[in-house]
Amino acid sequence: MLIRDLDPVADLSRVHDFYQSAPDYWLMADRAAPDLAKARAFFTDTPPGCDPRQSQRLGLFQADRLSGVAELSFGFPKAGDAYLGLLMLGPWARNAGVGAAFLAHIEAIACAAGHDEIYLAVLDMNVAGRRFWHREGFRPTGVVGRDAHGQGLTRLSKQL
């Protein structure tokens, strides 16, 4: 397993192919299959007020195959906070401890940047994702809301 930064030019086709091979999250979240624009957005989307140039765009590779992606931003929900905007694994990489290892790598980046807590939001309908986050030590913050499609979201956090 290799985890490395993803480049918006050199790795765009890899992210697009990954999304095409693992569309289940996007079908749930966006109610639409991911396209090339969704892959491009991976390299620019951030939570409100975050600088995309300061965000980490990471890829997890198994035997040269992109098997997971993650986006870690800094400055949301408030200045100085670390926010995991996306962590997604392909179905072939799930339920084998890969997600926990990927998350540990991301947490180490947040710690090295001086953060002692990390936040994320999980779709209420994402039962498997919620189970993963709880198993990894994330707890509800009490902040709930709705995404652009009207789906319920719950913000979680974890002390690092």
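Colleague: What is the relative accessibility of R94?

Modeller: First off, this is a predicted model: local features need pLDDT of at least 70, side-chain atom pairs count only at pLDDT 80 or more, and totals for chains, interfaces and linings use all residues. Residues are numbered from 1 along each chain as its sequence is written, and side-chain values use heavy atoms, with hydrogens and water left out. Buried means under 20% relative accessible area, exposed over 50% and partly exposed in between (1.4 Å probe, protein chains only). R94 counts as partly exposed, at 31%.

Colleague: How many residues apart in sequence are the parts that D24 and R94 tie together?

Modeller: The two side chains meet in a salt bridge, at 2.7 Å from N to O. D24 lies in helix α2 (residues 24-29) and R94 in the loop between β4 and α4, so the parts they tie together are apart in sequence by 70 residues. For the rules, a salt bridge is a side-chain nitrogen of Lys or Arg within 4 Å of a carboxyl oxygen of Asp or Glu, while helices (H or I, at least four residues) and strands (E, at least two) are DSSP runs, numbered from the N terminus. By the salt-bridge rule, the total count is eight, and the sequence gap for D24 and R94 is 70 residues.

Colleague: Which residues are linked with D11 in a network of salt bridges?

Modeller: D11 is buried, with a relative accessible area of 1%, whereas R14 is partly exposed at 37%. Their side chains meet at 2.8 Å, N to O. The network links D11 with R14 and R4.

Colleague: Which strands stand at the edges of the sheet?

Modeller: The sheet is open, with seven strands in the order β1-β2-β3-β4-β5-β7-β6 and mixed pairing; two strands pair if DSSP finds at least two bridges between them. Each edge strand has a single partner, so one of its sides is left without a neighbour in the sheet. Those strands are β1 (2-5) and β6 (139-146).

Colleague: Is S67 buried or exposed?

Modeller: S67 is in strand β3. Not counting residues up to four places away in sequence, S67 touches F18, L60, F61, Q62, M88, L89, G90, W92 and A93, where contact means heavy atoms within 4.5 Å. At 0% relative accessibility, S67 counts as buried.

Colleague: Which element gives the largest share of the largest nonpolar core?

Modeller: A nonpolar core is a set of buried Ala, Val, Leu, Ile, Met, Phe, Trp, Tyr and Cys residues joined through side-chain atoms within 4.5 Å. The largest one has 24 residues, and those with the most contacts inside it are L72, L84, L87, F102, I106 and W133. Two or more residues come from each of β2, β3, β4, α4, β5 and α5. The largest share, six residues, belongs to α4.

Colleague: Over what arc do the buried residues G129, F132 and W133 spread around the axis of α5?

Modeller: Those three are buried in α5 (residues 127-135), and they sit on the same side of the helix because their arc is narrow enough, at only 95°. R131 and R135 are exposed on the other side, and the cover over the buried ones includes β4 (82-89), α4 (98-112), β5 (117-123) and β7 (152-159). Taking the directions from the helix axis to the C-beta atoms, the arc is 95°.
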